[in-house]
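Me: Please take a close look at the disulfide bonding in this model. Go on to whatever else is worth describing, and give the cut-off behind each term you use.

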Amino acid sequence: MLLFYLLSLIVTVKSELLLGSCSFDKSTCGYTSDPDFLNWTLDPTGHFITIDKQAQEAQGMAVLLGPDVDGQDWSCFRMVYQVTGNASLQVQKRTDGDSFDHVLWMTQKPSDSWLIASIDLQNSTEPYQIIIESKLRDGGSSVSIFEIKISDKYCIECDFEEPHLCGYTNQRNRNMNWRVGRAEDTKHEDRTGQYMYVDSTDIKRFQEVAKLVSPITSVPMSGCLSFQYLQHHSGDHLFSVFTRDQAGQYQELWRADPPENNHVDWNPEDRVLIPIQVDLKAPYPVELVFEAAFNSPHGGCVALDDITFSPEFCNAGTEPTFDPSVANCDFESGYCEYTQALTDGPLWKRVSVQPNIYSVGDHTTGSGSFLLANSRFNSQSEYLSRLFGPLMPGNQKYCVKFFYSMRGLSGTDLALYLYYTDGSKQQKIWTQNEKIRNIWIEVELTIQSQKNAQMVFISPCKNVWSCGSVGLDDIKVSLGDCLPFESSLSNPSQCNFDAGFCGYSQDKKDTGDWMLARGPTPTSYTGPRGDHTTGVGHYLYIEASFMPPGNKACLLSSSLRGSREAQCLQFYYHMYGSGTGTLSVYLQTGQEDKDTLLWTRYEEQGVSWLRASITYQFDQLHQIVFEATRGASVRSDIAIDDVVFKRGPCRDSKADHIPAGNPSGNNIVDIQ
């Protein structure tokens, strides 16, 4: 092994451990078991905390409550843990004023060794509490925690002095691997310092590659990445730094220059670490990959140390990360940044459909605005209605989501293209293939272009008899891949019922039940044709044909902590059918005759999913109850979907106040 004298050219500041850190050596450092669940105990044979041995023989949940932690602009939570058997582990953040804990990280993958979870805590400017929740699904499963460290730094920062190397891992290769090196280091008087290195002595074939991988970023971050490196025989290997996203796609950040091109006054014999600074844009989760590729057993070596990060770009002239929200639009207040060419045929019209029993309204609220192509009978044929989005920079991944609704004649078509600013041929990236009509269908696309481009929504009209209208609403664009639902963190404060009841329960005292459904309900002329979330997902409803008139079905939320601050409850409801009864929302305190009516609607409200927003305040333990009362006939199905709790009062709720009563007609208002 080559010895190095590490002469640091960048001053590094050792991170400070914050309250909430614990090695679980002789105490739990203020972490306590929630008495309502299984017990956590210090293991007498080792320095870790685990779920009580007797509890491991049973199923159940264990909750570990951390001490109150002061807010920081940025901090890193790092946990060494092990899960065995059929169990899960979650890290949650509890803030005063929130009825629900925010899930930061979760896993249910068993392992034979200790693993490391790294979580960036962004802008934690108010005190919070770390909650660790584990579920044992069968006997013999276990969850243990060896160490928790909360430090005032970014999780990708590392000087490699910690035993667990800050969560950095070597992506194992049979022949080439990063190793821990030790050498004299003036930063430590009582022991040698550590760094990472890889050399070519074990190479077996041409272009062997060694990869050192950082923890994955958990929140968006952009700024200056700094590190120090050293190469020996640099002409015989390549040293590069990449980002790798969750889809496994690499993007090169930096590559070491040949020695003759280095702009640092150094001598290879001095073996001085070279400081590097490179701009990093990570608006979505990525890993840093430090990669060394060797050509022969005499390819030399690479050393790496002192990885740091600053939220300011290294180069003052670096363009800020593109904000994709400029392409978001719900069309409630206009066309946003979307434009049309006046030379085209009939344009996209901004319209509003009032609640009625014939035609669905917009997706956002059920009574707001959306865009409609081919909205009126027109003798013109062979034309395109084109809607141009704002310019989006190239060399970037985008997740595009929008909703469309096919209406009228069966010949309606809709497609999405990318138009390039350099004049090259446009690219079709999506075309509609769902034949369902009068339902808002969600589309989710990951797009990537090397060139600057615009999204263009096109609805063609081939002849006067096949130009049915098509609606467009709620366009949202974010950076990165569109991830499947299973890969996203579960959020207890919101539920779309696609994964079940989300902790909601039935009141067994009632004669009716809320039922999970997908698609139309069994009875004609009542109930929704699809859910609100995607158009093809699940929702909850009462089946009126199973209940006598006047009977109720109550759905209870899990217990909510309450808050001194205002809370917002938002959900979508569907009340279509000539015999529709009543839907009410109550705040239940557990005290007799103390339930409070928060909101109610009665009778038929139309064929649209309508949004309800309720601002309420209660500072004690409580539950929210959705109560549906069956009406006079079997055409009395009532449904709910997309229930969300938010901190603070509801915003822009004026559009949610739909007049109660019996709407009729099909009132389309052109509000262009």
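Reply: Disulfides and their surroundings

The link of Cys-76 and Cys-155 is right-handed, with 110° about the S-S bond. Its two ends come from distant parts of the chain: Cys-76 belongs to strand β5 (residues 72-84), while Cys-155 sits in the loop between β10 (142-151) and β11 (169-171), 79 residues away. Strands (E, at least two residues) are DSSP runs numbered from the N terminus, as are helices (H or I, at least four residues). The S to S distance for Cys-76 and Cys-155 is 2.1 Å, and a pair of cysteine sulfur atoms within 2.5 Å is what counts as a disulfide.

The model is a predicted one, so local features need pLDDT of at least 70 and side-chain atom pairs count only at pLDDT 80 or more, whereas totals for chains, interfaces and linings use all residues. Residues are numbered from 1 along each chain as its sequence is written, and side-chain values use heavy atoms, with hydrogens and water left out.

Both ends of the link are buried: Cys-76 has a relative accessible area of 0% and Cys-155 one of 2%. Buried here means under 20% relative accessible area, exposed means over 50%, and partly exposed is in between (1.4 Å probe, protein chains only).

Over the whole structure, the search finds 8 disulfides. One of them joins Cys-568 to Cys-650, with an S to S distance of 2.0 Å. The torsion about its S-S bond is about 105°, so this disulfide is right-handed. Cys-568 lies in strand β35 (residues 563-575) and Cys-650 in the loop between β40 (638-647) and β41 (668-670), so the pair ties together parts that are 82 residues apart in sequence. Cys-568 is buried at 3% relative accessibility, and Cys-650 is buried at 13%.

Another of the disulfides joins Cys-329 to Cys-336, with S to S at 2.1 Å. This link is right-handed too, with 75° about the S-S bond. Its ends fall in separate accessibility classes: Cys-329 is buried at 5%, whereas Cys-336 is partly exposed at 44%. Two further cysteines can be placed by accessibility: Cys-301 is buried at 4%, and Cys-554 is buried at 7%.

Cys-29 can be described by its backbone. Its phi is near 55°, a positive value in a residue other than glycine. Cys-29 lies in the segment before β1 (32-33), where it is partly exposed, with a relative accessible area of 31%. Phe-497, also not a glycine, has a positive phi of about 65°. That residue is in the loop between β30 (494-495) and β31 and is buried at 0% relative accessibility.

β31 leads on to an open sheet of 5 strands, whose order is β31-β34-β39-β36-β37, with antiparallel pairing. The edges are β31 (505-506) and β37 (596-602), each with a single partner strand, so one side of each has no neighbour in the sheet. Strands count as paired if DSSP finds at least two bridges between them. Strand β36 (residues 582-588) and β37 run antiparallel and are joined by 6 bridges. Within β37, Leu-597 stands opposite Tyr-586.

A further antiparallel pair is formed by strand β16 (residues 237-245) and strand β17 (residues 250-255), with 5 bridges between them. Arg-244 has Tyr-250 in β17 as its bridge partner. The two strands, β16 and β17, make a hairpin with 4 residues between them, and Gly-248 in the turn has a positive phi of about 85°.

That leaves internal space. The search finds 1 cavity of 30 Å³ or more, and the largest cavity holds about 40 Å³. On a 1 Å grid over the protein atoms alone, a cavity is a set of points where a 1.4 Å probe fits but cannot get out, and lining residues have an atom within 4 Å of a point. Grid points are joined across faces, edges and corners, and the volume is the space filled by probe spheres set on them.

The lining includes Met-392, Tyr-398, Leu-418 and Lys-451. Strand β27 (residues 441-449) gives the most to this lining, with 3 residues. By class, the lining has 6 nonpolar, 3 polar and 1 charged residues. In this scheme Ala, Val, Leu, Ile, Met, Phe, Trp, Tyr, Cys and Pro are nonpolar, Asp, Glu, Lys and Arg are charged, and the others, Gly among them, are polar.

How values were computed. 1 Å grid on protein atoms, 1.4 Å probe; cavity = no way out; pocket = protein on both sides within 12 Å on 5 of 7 lines; lining within 4 Å.
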